[in-house]
Amino acid sequence: MAAPGEQLPRRPAASPEHTRARHPHEHHSLRERVAAAHWRRRIAARRSLEAPYRIGVGAVGAVVVAVGIVTIPLPGPGWLTVIAGLFVLATEFAWAERLLEFTRRHVTRWTEWLTRQRVWVRIAVALLTAAFVCGVMVLTLHLTGVPGWVPGWVPLWR
């Protein structure tokens, strides 16, 4: 026991490997699971492949996120595409893994909140979402022009 005012010696922090060995039932991060894969260890062992691989993952993930951001207001899987891009980035980058976890937490909270609401609130949210998507689609078609394959009876500006 330390005397008053005297600090106790600090124990060194356990290494991630030591912690995993003591707690094998705990989940590992996506980045750790990918890094532990045989094919990824082979890439990491060759310095000439490591940097190009990480740059490639970053470029592919960034393109997928960018496409998702552009398509968010359009009908279709905009947010899903953004999350897929973050998933790709999270296989190599800790910041993307943290952002993906943040997104997962907030989507879960929103879903849980919405399921606790009355039916009329859920219907109102669905109708507002549908109205927003339709409005963005009509505005996009108005600004970019309606394609020729759209039938003439569709009520859009021509």
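Helices are taken here as DSSP runs of H or I, at least four residues long, numbered from the N terminus. In this predicted model, W110 and W113 both lie in helix 6, where three residues, about one turn of the helix, separate them. The structure holds three aromatic pairs. For W110 and W113, the ring centres are 5.3 Å apart and the planes meet at 25°, so this pair is classed as stacked. Neither ring system belongs to a residue in the buried class: W110 is partly exposed, with a relative accessible area of 45%, and W113 is likewise partly exposed, at 35%.

Helix 6 also carries L99. Together with W95 and F102, L99 forms a nonpolar patch on the surface, and the three residues have about 300 Å² of accessible area together. The relative accessibility of L99 is 36%, and L99 therefore counts as partly exposed.

In the interior, the largest nonpolar core comprises 12 residues, namely L30, V34, I43, Y53, V57, V65, L86, L89, A90, F93, A96 and L100. Two or more residues of this core are supplied by each of helix 2 (30–36), helix 4 (47–71), helix 5 (78–90) and helix 6 (94–116). Among the core residues is F93. When residues up to four places away in sequence are not counted, F93 touches R31, R54, V57 and G58. Of these contacts, V57 is itself a member of the core.

Note on methods
Residues numbered from 1 in each chain as written. Predicted model: local features only at pLDDT ≥ 70, side-chain atom pairs only at ≥ 80, totals over all residues. Heavy atoms only, no water. Core = buried A, V, L, I, M, F, W, Y, C linked by side-chain atoms within 4.5 Å. Buried < 20%, exposed > 50% of the residue type's maximum accessible area, 1.4 Å probe, protein only. Contact = heavy atoms within 4.5 Å. Patch = residues over 30% accessible without salt bridge, like charges linked within 9 Å, V, L, I, M, F, W, Y side chains within 5 Å. Areas by Shrake-Rupley, 256 points an atom, 1.4 Å probe, with all protein chains shown as cover. Salt bridge = Lys/Arg side-chain N within 4 Å of Asp/Glu carboxyl O. Phe/Tyr/Trp six-rings, centres within 6.5 Å; stacked < 30°, edge-to-face > 60°.
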